[in-house]
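Here are my notes on the model, set out as numbered points. Please read them with the structure open.

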Amino acid sequence: MTSPGSKKLVTSDGSEKEVSGNLGKVSFSGDLNDSGSSSRSSSGGGGEGGTFEYFGWVYHLGVNKIGHEYCNLRFLFIRGKYVEMYKRDPRENPDIKPIRRGVIGPTMMIEELGRRKVNRGDVYVIRFYNRLDESRKGEIACATAGEAVKWVEAFEEAKQQAEYALSRGGSTRTKLSMEANIDLEGHRPRVRRYAYGLKKLIRIGQGPETLLRQSSTLVNDVRGDGFYEGGDNGDAIEAHEWKCVRTINGVRIFEDVANFKAGRGVLVKAVAVVEASADTVFEVLLSIDKHQRYEWDAVTGDSEKIDSYEGHYDVIYCVYDPKYLSRWQSKRDFVFSRQWVRGQDGTYTILQFPAVHKKRPPKSGYRRTEITPSTWEIRSLKKRSDAETPSCLVTHMLEIHSKRWCKWKRTSYSKFEKTIPYALLLQVAGLKEYIGANPAFKYETFATVVQSKFPDVPNGEYVDEEMEEQFYDATDSSSDEEDEEESDEDDEDQDNKEIKVKLKNVSWAIASLSLKRPKAPGASNVLDASVDPVSIDPSKFQGSLRKGNGDKDSNCWDSPSGMGFMIRGKTYLKDNAKVMGGEPLLTLVSVDWFKVDKAVDNIALHPKCLVQSEPGKKLPFILVINLQVPAKPNYCLVLYYAANRPVSKSSSLGKFVDGSDSYRDARFKLIPSIVQGYWMVKRAVGTKACLLGKAVTCKYLRQDNFLEIDVDIGSSAVARSVIGLVLGYVTSLIVDLAILIEGKEETDLPEYILGTVRLNRIELDSAVSFEE
């Protein structure tokens, strides 16, 4: 019998070895649409939402014992809290046994690392690691960003199943086993038979047929599934007023008449509906394949990637023939950077800036040009039926000198039509026609439900053995070399079949609302009305960042009304209706702005913290939000919200305060809004609500009369890139944030805003050094 927390592994000679340790990191790569699929299914009894099953083709990335990198095509199953990996599709090969199998532990952390080049092709990498032991880690890569998100969601579902199993109780041995996380770099454990209580599967993407068609390397191409529930307006109100001024080749050209000022640039955008998934359009836009771009792009057809950073940022060098665009006869070239994010609703935002790079200095015979800053937004549109072709709304926005723009708008000024800004606007038309002329882009396999071949089990749950095995247990690598050599030999046959991988922010829209000052909806029973309220005097709480005296003040904070935010209404689960937020439930009493060498947790326990002061101890409840900002140096923005009554245990806030970390992660929501600042930063940040616990790592400390939430913004590559852009303009920005708990059930609706904060033109140098 194995000891608690250990498993039996099978070495290449068939012998069994007992090892122990935690699961580390998993690595997937491949095309979940052309190269793979994943599916999710539910049946009764598995937890809060039933037991789910996902399956699909992925690529396992790693380094073997002698230091050689490998990228192996694998078929992955996630059943409830269990994970299995196969060399072939077990549905087509029913006798095949998994090469790895185990459970997902609650300590497993998942991070999207963005886009990376593997074997001359671009894939989207997911990193897994154990938060208790980060040496146990691994990576996987998917063909598209959309598929990577679906796999992350699949693992989160499995993690929730593990949390549910723990909450139901069980033996100490089982709980110890459940604490282990995935480690793709370890042994392949011996597989034990267990019952499958799943009736349905949800597949992500397609099978491996296309992967095995043409090339032995990963090639950047376009296929995706692109079915998203996103597409509604942003969750913060913005003061834009867009007017359509012209329609060209089915593309509408708008200008922002609300912010138009004579003599300055005017914000314009081109908008079109493209009949393809958002994943597909995103990949077409990011592809720099010359032959593909020649078919739709008159500006950046001859492009070359010269650098990339953190999977969500790259630098492109481009040359173009001026005879199509200007009177100049000398050849033109320019360098620009691209930064992209994918919102939790599936919307892509791409930011393009002019750039300078040492690898491409100005050269003789070329006139160096600065490309106009611009942004792309790709938002999936809801399908009315499963048979309907996927479509998305593509928006390209840029700023144009107002004099040329106004002249063209009035008289179709021909010289403007030979400028780069005009050519950039018409990229939308070229993209739409190019995709429309290639039907292969339209017909894609989406997340579909298929019947499982596995027998039913009462209550739809797994029949666990006495010892639950972990997916990967990397404590001893003695047999790993033999396993990996065997794997490499197997994969040579796959490589010879010419594997070809087809690769695949935040959404915001304009809202015009009459601004009233409503009361906080849904917040009437959150605080205990049987207890007399205490008086909250903000003057007793002084933080390192002062409270401001209006929007014209700088380097300060304020607490605006929640009327600028849209939140879920009482009937949201039926009609997706959102309502204007009311007054915040909690009072923002103080803000600290710290400069630190590294991220600091548990600030509320510091003896000089507001929470530990005498006035702080007298407050019924304090919510501390510690936003850890990665930079050089690092910063901590600490928000202190106070309640004048104790929190009702039965309310959504009470369940959140005393709930598990996974419960909190699934509901802790933030809505951002750039009230004033550079329009490119507004586009990058967006106005869409974000579940912080899903986007970045959040740690929770519940003690006495407070709950502290430490938000590690640096734990996500996407968040790091966005916050880096924001910090570059922070002294000119007015930023509003709203904090709330997401209402997932009818009893939790309507939502209410816990607290808000307005940050007015914060100066980085004003941060106070934090005393450990």
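1. Strands S15 and S16 form a hairpin, with 3 residues between them. In the turn, Glu310 has a positive phi of about 50°. The model is a predicted one, and the points below should be read with that in mind.

2. The two arms of this hairpin, S15 (residues 302–309) and S16, run antiparallel and are joined by 7 bridges. One residue pair to look at is Asp302, which stands opposite Val319 of S16.

3. S16 also pairs with S17: 8 bridges join these strands, and they too run antiparallel. Here Cys318 faces Phe334 of S17 as its opposite residue. As for cover, S16 spans residues 313–320, and 6 of its 8 residues are buried, which leaves the strand mostly covered.

4. S17 leads on to the largest cavity. Strand S17 (331–342), strand S18 (348–354) and helix H3 each supply at least two residues of the cavity lining. The space inside comes to about 120 Å³. The lining counts 14 residues, and those nearest the centre of the cavity are Leu285, Arg293, Thr300, Phe336 and Gln352.

5. Is helix H3 enclosed or open to the outside? Of its 9 residues (278–286), 9 are buried, so the helix is largely enclosed by the rest of the structure. The cut-off for buried is under 20% relative accessible area. The buried set includes the charged residues Asp279 and Glu283 along with Val281, Phe282 and Val284. Leu285 is also among the buried residues of H3, and Leu285 is one of the residues nearest the centre of the largest cavity.

6. A separate sheet should be checked further along the chain. It is an open sheet of 5 strands in the order S24-S35-S34-S30-S31, with antiparallel pairing. Strands S24 (556–558) and S31 (690–691) stand at its edges; each has a single partner strand, so one side of each is left without a neighbour in the sheet.

7. The partner of S24 is S35 (residues 753–760), which runs antiparallel to S24 and is joined to it by 3 bridges. Asp558 has Arg758 of S35 as its bridge partner.

8. On aromatic contacts, the structure holds 18 aromatic pairs. In one of them, Phe77 and Tyr86 meet edge-to-face, with 6.2 Å from centre to centre and 80° between the planes. Both Phe77 and Tyr86 are buried. The two belong to a cluster linked by ring pairs, which also takes in Phe55, Trp57 and Phe75.

9. Which residue places its charged end over the ring of Phe77? That residue is Arg79, at 4.0 Å from the ring centre. Phe77 therefore has two kinds of contact to inspect: a ring pair within 6.5 Å between centres, and a charge over its ring. A further charge over a ring is found at Trp242, where Lys269 lies over the face at 4.3 Å from the ring centre.

10. For the overall description, the protein has 772 residues, of which 59% count as buried. Its secondary structure comes to 15 helices and 36 strands. The accessible surface is about 32000 Å², and carbon and sulfur atoms account for 48% of that area.

Technical notes:
Residues are numbered from 1 along each chain as its sequence is written. This is a predicted model: local features need pLDDT of at least 70, side-chain atom pairs count only at pLDDT 80 or more; totals for chains, interfaces and linings use all residues. Side-chain values use heavy atoms; hydrogens and water are left out. Helices (H or I, at least four residues) and strands (E, at least two) are DSSP runs, numbered from the N terminus. Buried means under 20% relative accessible area, exposed over 50%, partly exposed in between (1.4 Å probe, protein chains only). Accessible areas come from the Shrake-Rupley method with a 1.4 Å probe; for residues, only the protein chains shown count as cover. Rings of Phe, Tyr and Trp (its six-membered ring) pair if their centres lie within 6.5 Å; planes under 30 degrees apart count as stacked, over 60 as edge-to-face and the rest as tilted. A charge sits over a ring if NZ of Lys or CZ of Arg is within 6 Å of the ring centre and within 35 degrees of the ring normal. Two strands pair if DSSP finds at least two bridges between them. On a 1 Å grid over the protein atoms alone, a cavity is a set of points where a 1.4 Å probe fits but cannot get out, and a pocket is an open set with protein on both sides within 12 Å along at least five of seven lines; lining residues have an atom within 4 Å of a point. Grid points are joined across faces, edges and corners, and a volume is the space filled by probe spheres set on the points.
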